[in-house]
There are 2 protein chains.
Amino acid sequence: MDPQEEIPLALRAAYLMLHRQSDAAFAPYGVTADQFVLMARLSEGGAMTQKELANRMPSDPSTVRAMLVLLEGRGLVRRERHPTDGRARMAALTKVGRRKFGQLWKAGDSIRGRAVAEMSSDDACKLVQLLKQFTESLDPNSVVPETVTEGWRQK
Amino acid sequence: MDPQEEIPLALRAAYLMLHRQSDAAFAPYGVTADQFVLMARLSEGGAMTQKELANRMPSDPSTVRAMLVLLEGRGLVRRERHPTDGRARMAALTKVGRRKFGQLWKAGDSIRGRAVAEMSSDDACKLVQLLKQFTESLDPNSVVPETVTEGWRQK
DNA sequence: TCAAAGTAATGCGTACACGCACTAAGATAA
DNA sequence: TTATCTTAGTGCGTGTACGCATTACTTTGA
């Protein structure tokens, strides 16, 4: 079959499978797969603006806000005004949030393990590289160097 | 970086990028990326039960139902009772649906083209193979032949 | 034959993923 | 300084992805 037509389907199937299994793995902790991703970003980056968090997820700012409001209500996340920029809000994990994330990370181990158990290390790297290339080639904000004939750049 | 931790993130980023770009490409036709997937399955498989359609998407039966109800209201899809099984319903594209799908397929060409433009044919195949392997290894319903020591099988 | 087990669809509730319009605040330029 | 532009966040509406409980029908087995 033509791989060009099959990539989107295989990608969709893989992502949804991962999402379902992750949701199931985190459900005992009362957390969803996407909430885990958000907490992972906050955990590795410390306090950051909602905009920055949305860029790193990656997700839509309005989606991120809804998730933060929800997690704030559960005491896992803290939102404070930015010290100098009156528009922005800084989001960060609370102490409880950090502890919860530690548990989640361990709970997620089995999934990450299963996913690459039958895959060579080389193949795993190759998969990451191809996925990044795929994402990049679809990103309208990515600049293809060779085609830049004038002096403009995405900021 | 450890590819084991990076695969889920790269997969998520790639899928969401594909989904956003597809939604944008199909929006002028009043159809979403997921509705396109559903229509593609009906287009290639003809009439089938909702259960069968859900398996092929792959998606949850209740999600598929909601989408079918919506598309039926727009005249793109038809739902009739199964001739012999009183529980089941057969879903199929209407004539209008088939025509719409033809337009969508062409509209999606640019995305499929962009996605593999900078990717060798070998890499595209490799990507599909790795994604399928990933999906399979996470699927609790998949049976790993070597580990089957007793006579049982998933039906 | 008739009760028990299994299956397809439905309805409901929650969470995500967006786009869009809007507000408020910072940045820039005349 | 003031008018303009840009940017961060918010609120709202629609569609998708589930899980779970329920209903209606089919299949199986005693």
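How much area is buried between chain B and chain A? About 5200 Å², with carbon and sulfur atoms giving 70% of that area. Keep in mind on this tour that you are looking at a predicted model.

**Stop one: the two chains.** Select chain A and chain B together. The contact takes 49 residues from chain A and 50 from chain B. Now highlight Arg12(B), Tyr15(B) and Leu138(B): these supply 14% of the area that chain B buries against chain A, more than any other three residues.

**Stop two: charges across the interface.** Six salt bridges are counted between chain B and chain A. For one to look at, show the side chains of Lys132(B) and Glu6(A), which meet in a salt bridge at 2.5 Å, N to O. Next, color H1(B), which gives the most to the side of chain B that touches chain A, with 18 residues. By class, that side of chain B has 30 nonpolar, seven polar and 13 charged residues.

**Stop three: DNA strand C.** Select the strand and what lies around it. You will find 27 surrounding residues, the closest being Thr32(A), Gln35(A), Arg20(B), Lys51(B) and Arg65(B). Of the strand's atoms within 4 Å of the protein, 83% belong to sugar or phosphate, and the rest to bases.

Zoom in on the phosphates. A polar side-chain atom of Arg74(A) sits 2.7 Å from a phosphate oxygen of the strand. On chain B, try Gln50(B), with a polar side-chain atom 3.0 Å from a phosphate oxygen, and then Arg89(B), where a side-chain N or O atom is 2.7 Å from one.

Finish with H4(A), which gives the most to the surface near DNA strand C: four residues.

Key: Residues numbered from 1 in each chain as written. Chains lettered and ligands numbered in written order. Predicted model: local features only at pLDDT ≥ 70, side-chain atom pairs only at ≥ 80, totals over all residues. Heavy atoms only, no water. Near = heavy atom within 4 Å. Polar contact = N/O pair within 3.5 Å; in protein donor to acceptor, adjacent residues only side chain to side chain. Helix = DSSP H or I, 4+ residues; strand = E, 2+ residues; numbered from the N terminus. Contact = heavy atoms within 4.5 Å. Buried area = accessible area lost by both parts, 1.4 Å probe. Salt bridge = Lys/Arg side-chain N within 4 Å of Asp/Glu carboxyl O. Nonpolar A, V, L, I, M, F, W, Y, C, P; charged D, E, K, R; others polar.
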